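Subject: Structure handover

Hello,

Here is the structure for your files. My notes on strand pairing and core packing follow it.

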Amino acid sequence: METIVLVHGLWMRGPDMGLLKWRLQRHGYNVVQFSYDTVGCDLQENARRLNAFVAVLTAPTIHFVCHSLGGLVVRRLFHDFPEQPPGRVVTLGSPHTGSYVARRLSRNGWLRRLFGRALPALDGDVPPWRGERELGSLAGDLAFGPGHWLFRDLPDPNDGTVAVEETRLEGMHDHKCVTATHLGLLLLPTVCDEVLNFLREGCFRPD
């Protein structure tokens, strides 16, 4: 059975991906959740822990579905540990070119602490993607969230936290926008449909 590894985003622990996990399981996948310290460990350490987590899985095909910061962790995984089982990668609202909101908030010394050791990655310090696997980047364009409320100059379109332009990545196989907020990318059935299509076909559904 093909396995999907879910990798959550900043300040989360994994239950936020529970609904998506349930939907993917209904389509016959073995779905497991990788939980990690998003601010206490840097990207390199979390990639090392993810590699150890994947190493004990026995599935011949392992896909990754990642939300926000989780997509950056997986990029670092493939940079540091490229010998992974076959599979595809889908990122949901991941700021591949850096996060405008994180950069703006981190100008305040107190708020900067909220990002901890994740800040360099959110500022764009992530190894380039070398096309190790087929990667699809899904973005939301429903501007409803703290980034949109706090920073009216957050580039449009955006999902309320991450701008669509920040989700584009050189070497990705496909990119698509859906009508969703940053959190909504984990909740909407249409997002699950897009993820399933990419895992099966290597592309998102045609419009």
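Four bridges join strand β3 (residues 62–67) to β4, and the two strands run parallel. Please keep in mind that this is a predicted model. One partnership in that pairing is Phe64 with Val89 of β4. Between β3 and β4 the chain passes through helix α3 (residues 69–80), and this β-α-β crossover is right-handed.

β4 also pairs with strand β5 (residues 135–140): these strands are parallel too, and four bridges join them. Here Val90 has Gly136 of β5 as its bridge partner.

As for the side chains of β4 (residues 89–92), Val89 and Thr91 point one way, while Val90 and Leu92 point the other way; all of them are buried.

On packing, the largest nonpolar core has 37 residues. Val5, Val7, Leu50, Phe64, Leu69, Val74 and Leu122 are the members with the most contacts inside it. Two or more residues each come from β1 (3–7), β2 (30–34), α2 (43–55), β3, α3, α4 (100–105) and α6 (119–122). The most come from α3, which gives six residues.

Val5 is worth a separate entry. Setting aside neighbours within four places in sequence, Val5 is in contact with Val32, Phe34, Leu50, Phe53, Leu57, Ile62, His63, Phe64 and Val65.

Another core, of 22 residues, lies apart from the one above; Ile4, Val31, Val90 and Leu199 are among its residues.

Regards

Notes. Residues numbered from 1 in each chain as written. Predicted model: local features only at pLDDT ≥ 70, side-chain atom pairs only at ≥ 80, totals over all residues. Heavy atoms only, no water. Buried < 20%, exposed > 50% of the residue type's maximum accessible area, 1.4 Å probe, protein only. Pairing = 2+ DSSP bridges. Right-handed = clockwise from strand over helix to strand, strands pointing away. Core = buried A, V, L, I, M, F, W, Y, C linked by side-chain atoms within 4.5 Å. Contact = heavy atoms within 4.5 Å.
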